[in-house]
Amino acid sequence: MKVLALGDVVGEQTLRYLAEKLPAERRALGADLVIVNGENVCDVKGISPAAADALIDYGADILTSGNHVFDRRDIYDYLDNKKTLLRPLNYPAECPGEGARIVTSADGWKVLVLNVSGCAFMDALNNPFASVERALDDHRGKYDVAILDIHAEATSEKLALARYFDGRIGVIFGTHTHVQTADEQILPNGTGYITDLGMTGPIDGILGVRAEEVIIKSRTHMPRRFSVAIGEVRACGALFDLDAVTGRCKSVKRIVF
């Protein structure tokens, strides 16, 4: 099974880009499952029901998110009623949505997709190690392979989670920093890993935001509303190839299109 995972989608214009590019890229790469982190689609922060539906229409099978998933109130009912958008599972149970979902890949695999938020330099949520452990136990025997999106700031926290769950989760990738890392690897017990998929969005800015706005904020420390950068769009992610017999990852390849 081949899994294509794309990093944080930024801005409405990126939706138009993916509408044109993602279906062809999915076919060319032979991806059986496509996972997209969509939490920054709308105005840098947040995702709307319409944007979530669009990403699914353009070729994603399931969407993950992160610390901005609740920024728009119109997504709350969507999180509860639609099963194609995950929020980090280590938010309190009272929050809308779920952090784990079993989906079926194009080649028939039952895939448990997990989404968790880091705690280092981020919100003090429930322990991500315990939250993932609990989700694996809750779904034991119901899936063929598990995949985890760690939405986190600290590289060390992502690596610690990956090493801890190596061999129990087939694919682990990081999101949130919007910069694609060059450490794609197969861990000792067969888990495919990359610290951050990177950003899917406009590259002529700073992490998808207009550069001048970030610079002013950095220089003055004054509150400022950010807006999405304009210009060339690029999609970043990774392609994971899993062995059909063992479920171990055979290869990891960084993807840019």
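**View 1. Arg72 and its salt-bridge partner.** Arg72 is partly exposed, with 26% relative accessible area. This is a predicted model, and here the side chain of Arg72 meets that of Asp74 in a salt bridge, with N and O 2.9 Å apart. Asp74 is partly exposed as well, at a relative accessible area of 39%. Look for the charged ends of the two side chains to find the contact.

**View 2. Glu133 reaches Arg168.** How far apart are N and O in the salt bridge between Glu133 and Arg168? The answer is 2.4 Å. Glu133 sits in helix H4 (residues 128-138), while Arg168 sits in the loop between helix H5 (155-164) and E8, so this pair ties together parts that are 35 residues apart in sequence. Arg168 itself is partly exposed, with 38% relative accessibility.

**View 3. Asp61 and Arg26 join a loop to a helix.** In this salt bridge, the closest N and O atoms of Asp61 and Arg26 are 3.0 Å apart. Asp61 belongs to the loop between helix H2 (49-57) and strand E4 (62-64), and Arg26 belongs to helix H1 (residues 12-29), so the bridge ties together parts that are 35 residues apart in sequence. Are the two partners buried or exposed? Asp61 counts as partly exposed, at 27% relative accessibility, whereas Arg26 counts as buried, at 17%.

**View 4. Three charged residues in one network.** Salt bridges don't have to come as lone pairs: Lys83, Glu98 and Arg101 are linked in a network of them. If you feel like hunting for others, the structure holds eleven salt bridges.

**View 5. Inside the largest nonpolar core.** Now for the inside of the protein. The largest nonpolar core has 33 residues, and the ones that touch the most other members are Leu4, Leu18, Val36, Ile47, Leu55, Leu63 and Phe257. Which elements each supply at least two residues of this core? They are strand E1 (2-6), H1, strand E3 (33-37), H2 and helix H3 (76-81). H1 gives the largest share, with five residues.

**View 6. Cysteines without partners.** A disulfide is a covalent bond between the sulfur atoms of two cysteines. How many disulfides turn up in this model? The count is zero. Take Cys42: its sulfur is 20 Å from the closest cysteine sulfur, which belongs to Cys95, and that is too far for a bond, because a disulfide needs the two sulfur atoms within 2.5 Å. Cys95 is in no disulfide either, with the nearest cysteine sulfur, in Cys119, 13 Å away. Cys42 is also tucked out of sight: this residue is buried, at a relative accessible area of 2%.

**View 7. Ile150 and Pro88, apart in sequence.** Ile150 is part of strand E7 (residues 145-151). Is Ile150 buried or exposed? Ile150 counts as buried, with 0% relative accessibility. Along the chain, Ile150 and Pro88 are 62 residues apart, yet in space their C-alpha atoms are 8.6 Å apart.

**View 8. A nonpolar patch on the surface.** Nonpolar side chains can show up on the outside too: Val179, Ile206, Leu207 and Ile215 form a surface patch, together having about 320 Å² of accessible area. Val179 lies in the loop between strand E8 (171-175) and strand E9 (185-186). Its relative accessible area is 47%, so Val179 is partly exposed.

**View 9. Two histidines with positive phi.** Most residues other than glycine have a negative phi. His178 isn't a glycine, but its phi is positive, at about 70 degrees. Where is His178? This residue lies in the loop between E8 and E9, and it is buried, with a relative accessible area of 14%. His221 is another case, with a positive phi near 65 degrees. You'll find His221 in the loop between H6 and strand E12 (233-234), where it counts as exposed, at 65% relative accessibility.

**View 10. How confident is the prediction?** Averaged over the protein, pLDDT is 97, and 100% of the residues score at least 70. Which element has the lowest mean pLDDT, and which the highest? Helix H6 (residues 211-220) has the lowest, at 95, and strand E10 (residues 192-194) the highest, at 99.

Note on methods. Residues numbered from 1 in each chain as written. Predicted model: local features only at pLDDT ≥ 70, side-chain atom pairs only at ≥ 80, totals over all residues. Heavy atoms only, no water. Patch = residues over 30% accessible without salt bridge, like charges linked within 9 Å, V, L, I, M, F, W, Y side chains within 5 Å. Areas by Shrake-Rupley, 256 points an atom, 1.4 Å probe, with all protein chains shown as cover. Salt bridge = Lys/Arg side-chain N within 4 Å of Asp/Glu carboxyl O. Helix = DSSP H or I, 4+ residues; strand = E, 2+ residues; numbered from the N terminus. Buried < 20%, exposed > 50% of the residue type's maximum accessible area, 1.4 Å probe, protein only. pLDDT = per-residue confidence, 0-100. Core = buried A, V, L, I, M, F, W, Y, C linked by side-chain atoms within 4.5 Å.
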